[in-house]
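Q: Please take a close look at one helix in this chain and at the elements that surround it. I would like a connected account of which of its residues are covered, what covers them, and how the neighbouring elements are themselves placed.

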Amino acid sequence: MNHSLESKKEIAANERLAAVTWPALSTTRLGGWELRTAAGYSMRANSVLPAGQPGCSLTEAILHCEEHYERLGLAPTVFKLTEASEPPELDDALNERGYRRAEEVMVMRSMLPLQAPPETREGDRAVEFLPMEPWLAEFLRLNPGRKRHEKTMAQLLSRKEEMRLFACLMGDEAVVAMGMAVLAENAAGIYNIVTAPAHRRKGYAEQLMRGLLEEARMRGAESAFLQVLAENEGAVSLYAKLGFHEAYRQWYRVQEGHDG
């Protein structure tokens, strides 16, 4: 099903911006393809971004990618795809090769400032902005499953730190919600929005987002984009309430046979 509301040119431009705001530790080029790696942390940073023609046959290009990730110990090979991926037959070729489709992601966009700001409510809290290291410590406290990636995350987040806004919303005793914006080309990429489990459904994520986006606007951002699992209806509803609309879909193709 075609979910794209933007042209292939617009999708390709946003995908390039997403690659800048969510960087890899290293990138190897194969023609117009980018083979991105980040020590296994996140599929976004450990996948092939097929932004142009690879400069060889499609079969040769896929084999080259598989050998590359296998050599680095990062198999299975993963491709990050949209309707703008090149060449257009890539998704079908990967499907025929046994790559499974995974994680359909909705890319949402909004212009800044946000429309119709809410009335201030009793108990609303101000968003605070932290340096990277204390923000990361709090983020890992709320996401203990990512602790094993702490070193890689620190490396990634310390790159061009001046582009990043590390936001948190404090409760009475601890952080209740947090997130990050990355500024590039008059836009803000929004990442890592999380609410403490005991404080969900209390409006904290909305407060956090509004404060984060307003700070991004004050730093020069004219628009914002984010990526959310299409099946996450709660998050999609929140972002729509804030003025974000679906722009297009992206998905991953994951090589089978390397689960171990």
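What follows begins with the whole chain and then turns to the helix and its neighbours.

A: This is a predicted model, in which local features need pLDDT of at least 70 and side-chain atom pairs count only at pLDDT 80 or more, whereas totals for chains, interfaces and linings use all residues. Residues are numbered from 1 along each chain as its sequence is written, and side-chain values use heavy atoms, with hydrogens and water left out.

The chain holds seven helices and eleven strands, where helices (H or I, at least four residues) and strands (E, at least two) are DSSP runs numbered from the N terminus. Its C-alpha trace spans about 60 × 35 × 30 Å along the principal axes. The radius of gyration of the chain is 19 Å, which agrees with the value near 18 Å that a compact globule of 260 residues would have; this radius is taken over C-alpha atoms, and the globule rule is 2.2 Å times the number of residues to the power 0.38. Of the 260 residues, 50% are buried, meaning that their relative accessible area is under 20%, while exposed means over 50% and partly exposed lies in between, with a 1.4 Å probe and protein chains only. Contact means heavy atoms within 4.5 Å, and among the contacts between residues at least 6 apart in sequence, 69% join residues at least 24 apart.

The helix chosen here is helix 7, residues 233–241, in which Ala-235, Val-236, Leu-238 and Tyr-239 are buried. These residues cover an arc of only 160 degrees around the axis, and therefore lie on the same side of helix 7; the arc is that of the directions from the helix axis to the C-beta atoms. On the other side of helix 7, Glu-233, Gly-234 and Lys-241 are exposed. The buried residues pack against strand 5, strand 9, helix 6 (204–218) and strand 10 (223–229). Just after helix 7 comes Gly-243, with a positive phi of about 105 degrees.

Helix 6, one of these packing partners, is largely enclosed by the rest of the structure, because eleven of its 15 residues are buried. Among them are Tyr-204, Ala-205, Leu-208, Met-209, Leu-212 and Leu-213, but also Glu-206, Arg-210 and Glu-215. The cover over the buried residues of helix 6 includes helix 7 together with strand 6 (127–129), strand 7 (164–170), strand 8 (175–184), strand 9 and strand 10. At 1.5 Å a residue its 15 residues should span 21 Å, and its end C-alpha atoms are 21 Å apart, which agrees; the expected span is 1.5 Å times one less than the number of residues. Gly-220, which follows helix 6, has a positive phi as well, near 115 degrees.

Strand 9, residues 187–195, includes Thr-195, which counts as buried because its relative accessible area is 12%. Beyond its neighbours within four places in sequence, Thr-195 is in contact with Val-176, Ala-177, Arg-200 and Ala-205, and Ala-205 is itself one of the buried residues of helix 6.

Strand 5 and strand 10, both of which the buried residues of helix 7 pack against, pair in the antiparallel sense over seven bridges; two strands pair if DSSP finds at least two bridges between them. Val-107 stands opposite Gln-227 in strand 10. Strand 5 (residues 100–111) is also joined to strand 11 by eight bridges, again running antiparallel. Arg-100 has Val-254 as its bridge partner in strand 11, and Arg-109 has His-245.

Strand 11 (residues 245–254) has nine of its ten residues buried, and so is largely enclosed by the rest of the structure. Strand 4 (residues 78–81) is likewise antiparallel to strand 11, joined to it by four bridges, and Leu-81 stands opposite Trp-251.
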